[in-house]
Amino acid sequence: MKKIVCSSLILLLSLAASVNAGAADQKIAVPLTFDAYYSYEDVVNAVKALNKAFPKLTKLDLVGKSEENRAIYCLTVNNPATGNELDKPGVYVDGNIHGNEIQATEVCLYFLNYILTKYGENERVTELVDKNCFYVIPTVNVDGRYHFFNDANTSSSNRGLRRPKDDDRDGLVDEDFPDDLDGDGNICMMRKKDPLGAYKTDPEDPRLMVRIKPGEKGEWTLLGQEGIDNDGDGQINEDSEGYVDPNRNWGFDWMPEYVQSGAGDYPFSGEGIKAIASFVRKRPNICVAWAFHNSGGMYLRGPSVKKLTYPPQDIQTYDYLGEQAERITPGYHYLVSWKDLYTTYGDFIEWMVCCNGAYGFVGELFQSSTETFKTRKEEEKVKPETEAEENFFQESNEVERERLKFSDHLAQGELYKSWTAYNHPTYGDIEIGGWVKLSSRLPAPFMLKDLVHRNAMAVLFSAQNTPEVNMDIFEVKKLENDLYRLRVRLTNAKAIPTMSYYAQQHKLYPKDFLLISGNNIKVLAGGKLQNKYTDTASYKEHKPELQLLFVPGFGSVEYQFLVSGKGSVEIKYDSRHGGKVTKTLQLK
Ligand SMILES: [Ca+2]
Ligand SMILES: [Ca+2]
Ligand SMILES: [Ca+2]
Ligand SMILES: [Ca+2]
Ligand SMILES: [Zn+2]
């Protein structure tokens with residue numbers, strides 16, 4: 001489990017050659033292909049192409065603009081022939097809130113491409129699209145994606161928002177980025193020969209280093225990421241972009257910088273974050289939300305802090321969806337974020353759950369089942385974790401050696417740069433080398449299709465489980481002249497309740513309505529039918545014609561009304577997450 005916890009340090013593999021495939025001026029055709037990563041411009045062209053190819057089913061919304069004035073788009077998928085957007089359960093999906101986590105966008109695009117191209121061809125997908133409304137924002141951190149593609153980076157850099165910030169409190173902002181000293185488009189590592197250093201060459205692979213044991217002679221000192229002291233303050237790379245972490249800037253349980261690093265000056269200070277928040281608030285039908293990140297191979301649910309608890313009935317729903325996601329994507333772990341990962345304040349999914357009443361998952365993308373490089377026999381004798389030595393990346397050397405073999409034999413060495421001499425203005429003779437930008441947290445493009453498909457199917461399963469409410473007027477009984485007893489059953493055929501238990505507990509918004517009306521009737525009593533055989537009902541004291549309720553997942557509720565009068569009666573069910581159902585009957 002320890003390995004999984006260090007998600008930002010677990011490194012994935014990719015091929016450097018493919019990143020620039022699909023340049024901005026190239027036409028993006030539908031169906032989209034997933035054999036290379038889409039640049040920011042490609043993503044914009046892709047959602048426009050999908051919108052153009054499926055004009056009846058999609059709507060392209062400009063959600064807002066980023067700090068650097070790039071457009072953030074949402075592609076909404078709704079079939080108007082089966083109802084209005086807000087009258088259907090809403091499914092929200094986004095990705096790439098962290099600028100470097102680029103394959104998250106591909107999951108979103110794949111999901112869109114899949115449901116749209118399968119609509120009308122595949123019965124289940126058709127049903128799914130007809131029933132739900134989908135809101136998909138493929139790239140949240142649009143500046144981040146742009147700069148990750150266009151600038152030299154490590155696989156872990158360029159995560160935040162482009163909100164200038166004085167990280168070292170010297171009065172200058174963003175004045176000392178890492179520098180691509182050898183001009184290869186990567187920010188790699190710097191090391192210097194040093195008999196007092198903490199590292200020595202790995203005897204098993206001379207390209208790697210291992211930490212020396214007590215008493216051993218050192219060979220190398222690690223000097224951090226490629227860079228020089230741009231502002232002459234004696235420190236190197238101490239103040240790069242931001243750092244405002246877009247996933248710590250949301251308005252639930254936000255904490256200032258000194259508690260939560262990356263929080264920003266105040267909640268929703270990010271331009272795009274604020275825009276997405278108001279976009280979401282105008283869509284109260286959203287009942288399940290997915291946000292994709294890398295890495296680690298995890299499906300995370302909240303709470304993201306220990307002090308918060310979710311009602312046990314909600315956890316049942318999470319377990320149902322999360323365990324299925326584990327089955328869909330072998331090697332991924334369904335986990336609780338504060339307990340199994342770390343505490344976060346002001347993150348997006350917690351805001352969706354605790355302010356908007358949705359069920360929320362974070363998908364931490366990783367290619368866990370196919371990035372190994374072992375025979376069956378080797379697989380069986382993996383060293384226990386406690387024996388693993390720690391290297392600079394805080395991975396076990398065993399893991400790094402294996403990744404290097406993967407690079408050698410599946411990417412022909414493209415994922416790792418051999419150490420080469422460089423004359424540094426501060427350090428003198430050093431060497432630059434190590435993992436390249438498109439390694440580590442990103443899958444090689446040949447593995448991308450499997451990753452995006454499986455994760456899209458995990459989303460699809462939760463979309464298949466949004467509330468599906470049927471109304472059955474199962475009894476109309478004439479008790480005496482002009483006096484009738486009506487019994488109504490609402491059944492939810494799916495796992496997600498029409499209102500989360502968390503939303504009920506905290507009264508986030510009104511419950512579902514069940515309303516009886518008619519010109520010539522009067523509702524004398526109405527309430528929940530506790531036992532239909534003994535005729536026990538708990539009648540509501542005021543306004544009996546309007547019942548406030550919710551329908552549990554895989555469950556039903558029954559209501560009873562005593563009505564006097566004649567003629568047409570309308571029974572209307574109206575729910576934020578469960579849709580709307582109306583039935584009429586005649587009393588005669
Ligand atoms: Ca500074
Ligand atoms: Ca470089
Ligand atoms: Ca400096
Ligand atoms: Ca400085
Ligand atoms: Zn992330």
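Trainee: What makes the arrangement of the 6 donor atoms around the calcium ion (ligand 2) irregular?

Mentor: In this predicted model, the 6 donor atoms subtend angles of 52 to 162 degrees at the calcium ion (ligand 2). Six donors count as octahedral if opposite donors are over 155 degrees apart and all others lie between 65 and 115 degrees; the value of 52 degrees falls outside those ranges, and therefore the arrangement is irregular.

Trainee: Which protein atoms are the donors of the calcium ion (ligand 2)?

Mentor: The donors are OD atoms of D180, D182 and D184, the O atom of N186 and two OE entries from E226, lying 2.3 to 2.5 Å from the ion.

Trainee: Why is it said that N186 and E226 tie together parts that are apart in sequence?

Mentor: N186 lies in the loop between α5 and β5, whereas E226 lies in the loop between β8 and α6, so the pair ties together parts that are 40 residues apart in sequence. Both N186 and E226 are buried.

Trainee: How do you know that helix α5 is largely enclosed by the rest of the structure?

Mentor: A residue counts as buried under 20% relative accessible area, and 7 of the 9 residues of α5 are buried, so the helix is largely enclosed. The buried residues, among them H147, F148 and F149, pack against α2, β2 and α3.

Trainee: Why are α3 and α4 called roughly perpendicular?

Mentor: Their axes come within 8 Å and cross at roughly 105 degrees; angles of 65 to 115 degrees count as roughly perpendicular, and therefore the name applies to α3 and α4. The contact is made by Y114, I115 and K118 of α3 with V125, T126, L128 and V129 of α4.

Notes. Residues are numbered from 1 along each chain as its sequence is written. Chains are lettered from A and ligands numbered from 1 in the order in which they are written. This is a predicted model: local features need pLDDT of at least 70, side-chain atom pairs count only at pLDDT 80 or more; totals for chains, interfaces and linings use all residues. Side-chain values use heavy atoms; hydrogens and water are left out. Buried means under 20% relative accessible area, exposed over 50%, partly exposed in between (1.4 Å probe, protein chains only). Helices (H or I, at least four residues) and strands (E, at least two) are DSSP runs, numbered from the N terminus. Contact means heavy atoms within 4.5 Å. Axes are lines fitted to C-alpha atoms, for helices over the stretch in contact, and angles run from 0 to 180 degrees between N-to-C directions. Angles under 35 degrees count as roughly parallel, over 145 as roughly antiparallel, 65 to 115 as roughly perpendicular and the rest as oblique. Donors are N, O and S atoms within 2.8 Å of the metal (3.2 Å for Na, K and Ca); water is not among the atoms, so sites may look incomplete. Four donors count as tetrahedral if all angles lie between 85 and 135 degrees; four count as square planar and six as octahedral if opposite donors are over 155 degrees apart and all others between 65 and 115; anything else is irregular.
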